[in-house]
Amino acid sequence: MVRSGVVKHPSEWECCGYNEIQNPRQRKGIIDFERLEKLLGFETYDELKTAHYKWVESVLQAESHSREAKWTQSIAVGSDTFVEKVKNTLGFRARGRKAHHVGETFELREMPAAYETANSRTFENTLFWDHSPTNLKQAVFT
């Protein structure tokens, strides 16, 4: 919401990951902080919270609000083992999805559909519901 200009700081958006880390819920939390601390190499929640605050502030001060594809277009990002585990957990829903080694991590992404190009979609064979021809029989059989 910061990138879109709705808020100036992520703390202003009530339902976001920033607030989940900086001001965790007392009940029904959605983040496993012990696991997150371990994965990121922190010993305490306070270390995690402080580092997270500094990361966000440094990005905001740099005014680099560009979208990072690995976080916004991937289903899973992490080690090869983690990405494969997510893919296996998805089962049949992972059909067509491939893990790609990108830099130091792996990413699980959707494969582009055959009719999609890199930057746009083509709709040559599409009949939109609100733009139907006046004589459908003629449109189908001619």
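Visitor: Looking at Phe-33, how should I read it: buried or exposed?

Guide: Start with relative accessible area: under 20% is buried, over 50% is exposed, and in between is partly exposed (1.4 Å probe, protein chains only). Phe-33 has 18%, so this residue is buried. Keep in mind that the model is predicted, so local features need pLDDT of at least 70 and side-chain atom pairs 80 or more, while totals for chains, interfaces and linings use all residues. Numbering runs from 1 along each chain as its sequence is written, and side-chain values use heavy atoms, with hydrogens and water left out.

Visitor: What share of the chain counts as buried?

Guide: Of the chain's 142 residues, the buried share is 21%.

Visitor: How many helices and strands does the chain have?

Guide: Helices (H or I, at least four residues) and strands (E, at least two) are DSSP runs, numbered from the N terminus. Here you can find six helices and three strands. Going along the sequence, their order is α-α-α-α-β-α-β-β-α.

Visitor: Now the rings. How many aromatic pairs does the structure hold?

Guide: Rings of Phe, Tyr and Trp (its six-membered ring) pair if their centres lie within 6.5 Å; planes under 30 degrees apart are stacked, over 60 edge-to-face, the rest tilted. The structure has two such pairs. In one of them, Phe-33 meets Tyr-45 edge-to-face, with 5.1 Å from centre to centre and 80° between the planes. This pair joins distant parts of the chain, as Phe-33 belongs to helix 2 and Tyr-45 to helix 3, twelve residues apart.

Visitor: What about Phe-42 and Trp-55: how are their planes arranged?

Guide: Their pair is tilted, with 50° between the planes and 6.2 Å between the centres. Again, distant parts of the chain are linked: Phe-42 sits in the loop between helix 2 and helix 3, Trp-55 in helix 3, 13 residues apart. Trp-55 has a relative accessible area of 44%, so this residue is partly exposed.

Visitor: How many residues line the largest pocket, and which lie nearest its centre?

Guide: On a 1 Å grid over the protein atoms alone, a pocket is an open set of points where a 1.4 Å probe fits, with protein on both sides within 12 Å along at least five of seven lines; lining residues have an atom within 4 Å of a point. The largest pocket has 38 lining residues, and nearest its centre are His-52, Trp-55, Val-56, Glu-68 and Trp-71. Two or more lining residues come from each of helix 1 (17-22), helix 2 (33-40), helix 3 (45-62), helix 4 (69-72), strand 1 (76-78) and helix 5 (80-90). Helix 3 contributes the most, with six residues.

Visitor: Where is His-52 found?

Guide: Look in helix 3. His-52 has a relative accessibility of 12%, so this histidine counts as buried. Its C-alpha atom is 7.8 Å from that of Ile-21, although the two residues are 31 apart along the chain.

Visitor: And where does His-100 lie?

Guide: You can find His-100 in strand 2, which covers residues 98-102. At 35% relative accessible area, His-100 is partly exposed. The C-alpha atoms of His-100 and Asp-80 are 8.9 Å apart, with their positions 20 residues apart along the chain.

Visitor: Last one: which side chains meet in a salt bridge?

Guide: Side chains of opposite charge can pair when their charged atoms come close. The rule asks for a side-chain nitrogen of Lys or Arg within 4 Å of a carboxyl oxygen of Asp or Glu. By that rule there is one salt bridge, between Arg-109 and Glu-107, at 2.9 Å from N to O. Arg-109 is partly exposed at 22% relative accessibility, whereas Glu-107 is buried at 3%.
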